[in-house]
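Subject: Structure handover

Hi,

Here is the structure I promised to pass on. Have a look at it first, and then read my notes below.

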Amino acid sequence: MSLRIMIVDDSPAMRSFIGRIIQLSGLDVVSCVHASNGMEALTLLRKQRVDIVLSDINMPIMDGEQLLRELANDAELTSVPVVVVSTDSTDSRRTRMLELGAKGYVRKPFAPETLRYELEMALGETHG
Amino acid sequence: MDNVAVCVELEAMLEAATSYTLETMCFFGVMGPLEEMPAGEERISARLTFRGDANGVFHTMLDLSAAWAIAANFLGEEVADVSRSRMEAVVCELANMICGSVLSNYKKDGHFELSSPEITGAEEAQPDQAVRRVFELEMGGIALAMDLRPKP
Ligand SMILES: [Mg+2]
């Protein structure tokens with residue numbers, strides 16, 4: 001399956017790391033869009049469809065939690081699966097993000113195979 | 001839990017978080033603990049503060065040669081192609097990940113907010129009351145200091 005992905009993180013270094021790990025994982029990525037916060041992600045998502053979003057939580061302007069809320073309230077975007085990638089691995093945060101609709105949760109630092117596994121699980125749930 | 005127990009626990013968490021972060025995200029080996037940073041090298045430091053179920057400061061210091069090599073590995077580029085500002089961004093990201101890991105381990109059901117890490121003066125003193133660890137890396141060394149005060 002050819003994948004269009006979006007990586008949302010305020011750190012350009014982290015975005016390029018995540019993008020490279022996904023490419024190296026063997027998934028067939030046809031496009032990879034970057035956004036530096038939730039607001040930028042929403043604007044881009046309204047212009048171009050992606051198959052999955054990987055999003056950080058702590059970002060200026062609009063954080064990952066608000067991004068999930070906005071996606072849930074948008075009829076056009078509510079079905080886009082989101083995997084959260086965050087340094088916050090407390091149970092409380094993880095539970096809250098999953099309740100808000102995240103399809104997976106990867107804590108930074110992560111092993112490449114963990115990221116791939118969470119992506120596949122999230123895509124499997126959505127694409128059947 | 002008494003203070004000594006918290007310190008011992010934090011020391012172990014700092015070691016685990018440092019090794020795991022450097023090895024999985026930067027493909028960079030941690031060789032083992034040291035008493036002090038190896039002398040003579042130029043260094044770079046980053047610090048951040050956190051609040052929530054514990055308040056405090058996290059500080060890390062790296063030999064510059066290690067910082068360049070770690071940044072190049074993280075970015076998947078040659079050292080020569082990495083700019084100073086991108087190297088610093090990777091050092092900040094490293095501080096963020098190590099500190100975030102330690103805090104999440106310290107209190108699994110806790111809540112913490114971390115400030116954005118900042119590069120500080122190369123030889124900035126590490127916080128006074130902090131738990132400290134120093135490790136030898138496959139190139140150079142890394143020092144970590146965490147001053148963590150549980151919420152009263
Ligand atoms: Mg962030």
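Let's start with a definition: a residue is called buried when its relative accessible area is under 20%, exposed when it is over 50%, and partly exposed in between, using a 1.4 Å probe and the protein chains only. By that yardstick, 54% of the 128 residues of chain A count as buried.

Some housekeeping before the rest. This is a predicted model, so local features need pLDDT of at least 70 and side-chain atom pairs count only at pLDDT 80 or more, while totals for chains, interfaces and linings use all residues. Residues are numbered from 1 along each chain as its sequence is written, chains are lettered from A and ligands numbered from 1 in the order in which they are written, and side-chain values use heavy atoms, with hydrogens and water left out.

**Chain A overall**

Chain A has 5 helices and 5 strands (DSSP runs numbered from the N terminus: H or I over at least four residues for helices, E over at least two for strands). Following the sequence, you'll read the pattern β-α-β-α-β-α-β-α-β-α. The C-alpha trace spans about 30 × 30 × 30 Å along its principal axes. The radius of gyration of chain A is 13 Å, which agrees with the value near 14 Å for a compact globule of 128 residues; it is taken over C-alpha atoms, and the globule rule is 2.2 Å times the number of residues to the power 0.38.

**The magnesium ion**

Which protein atoms hold the magnesium ion as donors? They come from A:Asp10 (OD), A:Asp56 (OD) and A:Asn58 (O), at 2.1 to 2.3 Å from the ion. Donors here are N, O and S atoms within 2.8 Å of the metal (3.2 Å for Na, K and Ca), and since water is not among the atoms, sites may look incomplete. Along the chain, the donors have the spacing D-x45-D-x1-N. A:Asp10 sits in the loop between strand E1 (3-8) and helix H1 (12-24) of chain A, and A:Asp56 in the loop between strand E3 (52-55) and helix H3 (64-72) of chain A, so this pair ties together parts that are 46 residues apart in sequence. A:Asp10 is partly exposed at 33% relative accessible area, whereas A:Asp56 is buried at 5%.

**The pocket and the cavity**

Both come from a 1 Å grid over the protein atoms alone: a cavity is a set of points where a 1.4 Å probe fits but cannot get out, a pocket is an open set with protein on both sides within 12 Å along at least five of seven lines, and lining residues have an atom within 4 Å of a point. Grid points are joined across faces, edges and corners, and a volume is the space filled by probe spheres set on the points.

The largest pocket has a volume of about 400 Å³. Its lining has 20 residues, and A:Asp10, B:Glu93, B:Asn96, B:Ser116 and B:Pro117 lie nearest its centre. So one of the magnesium donors, A:Asp10, turns up here again. H1 of chain A, together with H3 and E4 of chain B, are the elements giving two or more residues to this lining.

There is 1 cavity of 30 Å³ or more, with a volume of about 80 Å³. Among the residues that line it are A:Asn58, A:Thr87, B:Leu103 and B:Phe112. Helix H3 (84-106) and strand E4 (112-114) of chain B each give two or more residues to that lining.

**Cysteines**

How many disulfides are there? The count is 0 over all chains, a disulfide being a pair of cysteine sulfur atoms within 2.5 Å. The sulfur of B:Cys26 is too far for a bond, because the closest cysteine sulfur, in B:Cys92, is 13 Å away. For B:Cys92, the closest is in B:Cys99 at 12 Å, again too far. B:Cys26 is buried at 1% relative accessibility, and B:Cys92 is buried at 14%.

**Backbone oddities**

- The peptide bond from A:Lys108 to A:Pro109 is cis, with omega near 0°; A:Pro109 is in the loop between strand E5 (104-107) and helix H5 (112-127) of chain A.
- A:Ile61 is not a glycine, yet has a positive phi of about 70°; A:Ile61 is exposed, at 70% relative accessible area.
- B:Phe27, also not a glycine, has a positive phi of about 50°, and is partly exposed at 40%.

Cheers
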